[in-house]
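Q: Please take a close look at one part of this structure. Describe the contact found there, then follow the charged side chains that lead away from it.

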Amino acid sequence: MADSASEINNFLEKCQELEKCKFIMASTRISDLLKAIVSSRQLYDLFMAVMADFDYEAAKATCLNDGRNSYSRRGSFRLPQSEGDKLAFIFCLLADIDGGSINFNAFLQRYFSEDGSFVASYRAFVAAVVIPLKQIVCSVFSEEIKNEEAPSREDGARLSGELAALSVLITREQQFLLSSALPEEDKETGVKMLGDIFSMLKEGRADIANSLVNGYNYYILYNNTISPDIQTLFEAIDAFGEDR
């Protein structure tokens with residue numbers, strides 16, 4: 001069985017793929033994400049624990065307002081308050097989408113309607129569901145990601161921890177873009193650029209990552225979308241590349 005750090009990183013990769021993918025591939029990526037959860041003992045145990053006393057039907061009644069009684073007829077979506085309930089709700093929701101109990105297209109148009117397009121609705125879904133899921137799991141397993149049991153794997157453990165930290169920073173930057181006033185097409189471009197930067201860093205191609213960072217720097221200056229965390233992100237990327 002793969003070690004726990006590898007399993008968690010596999011899960012984070014599936015989250016990243018779900019964030020970056022085109023809407024048409026979302027259903028496949030959701031299935032891959034759920035498989036990453038059930039194939040990991042630690043992740044599986046975590047999600048089973050948070051769902052032990054979780055009332056999914058009651059949570060749906062609270063978190064999903066279908067908007068049928070409102071003037072706009074537009075639904076609203078919000079996650080539960082506690083981190084454990086958020087994990088449980090997201091897992092059940094993704095399982096319903098994967099199993100067909102929820103029509104994903106109709107769900108997006110009802111609860112994440114932006115400009116009428118599925119692309120914009122999907123990006124809003126990613127910001128509200130996928131990114132919080134990834135952030136919570138990163139928080140729960142921060143020590144597991146940073147540390148390996150075998151002393152001979154110390155470098156691998158440090159690399160896993162650094163990649164996890166970069167993943168969180170990049171996720172925050174993506175979330176900043178998704179919540180900005182940029183047109184949806186420009187948001188998608190920026191989110192993809194950040195995903196490509198992370199992919200190159202993960203593959204050890206720091207030279208290409210740095211070129212992409214230069215492009216992203218131009219992108220945020222041109223669009224005047226400079227986040228409070230951008231300097232921290234750029235410094236982390238520089239430090240990661242210097243260590244490789």
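**A helix pair and its salt bridges**

A: V119, A120 and R123 in α7 meet E184, E188 and V191 in α10, where a contact is a pair of heavy atoms within 4.5 Å. By class, the contact of α7 with α10 is made up of three nonpolar and three charged residues, with no polar ones. This is a predicted model, in which local features need pLDDT of at least 70 and side-chain atom pairs count only at pLDDT 80 or more, while totals for chains, interfaces and linings use all residues. Residues are numbered from 1 along each chain as its sequence is written, and side-chain values use heavy atoms, leaving out hydrogens and water.

Helix α7 spans residues 118–140 and helix α10 spans residues 184–202; helices are DSSP runs of H or I with at least four residues. The two pack at an angle of about 50 degrees, and their axes are 10 Å apart. α7 and α10 are therefore oblique to each other, a class for angles outside the ranges under 35, 65 to 115 and over 145 degrees. In this packing α7 passes α10 in a left-handed crossing, meaning that the near helix is turned anticlockwise from the far one by less than a right angle.

E188, one of the contact residues in α10, also forms a salt bridge with K22, the closest N and O atoms being 3.2 Å apart. A salt bridge requires a side-chain nitrogen of Lys or Arg within 4 Å of a carboxyl oxygen of Asp or Glu. K22 sits in the loop between α1 (4–20) and α2 (26–38), whereas E188 belongs to helix α10, so the pair ties together parts that are 166 residues apart in sequence. E188 has 17% relative accessibility and counts as buried (buried is under 20% relative accessible area, exposed over 50%, partly exposed in between, with a 1.4 Å probe).

E184, another α10 residue in the contact, meets K187 in a salt bridge at 3.2 Å, N to O. E184 and K187 are three residues apart in helix α10, which puts about one helical turn between them. Both side-chain partners, E184 and K187, are buried. Salt bridges with shared partners also join K20, K192 and D196 into one network.

The structure holds 13 salt bridges. Among them is the pair K60 and E57, at 3.4 Å from N to O. K60 and E57 are three residues apart in helix α4 (residues 56–63), and so are separated by about one helical turn. K60 is partly exposed, with a relative accessible area of 22%, and E57 is exposed at 52%.

Conventions: Axes fitted to C-alpha atoms, helices over the stretch in contact; angles between N-to-C directions. Nonpolar A, V, L, I, M, F, W, Y, C, P; charged D, E, K, R; others polar.
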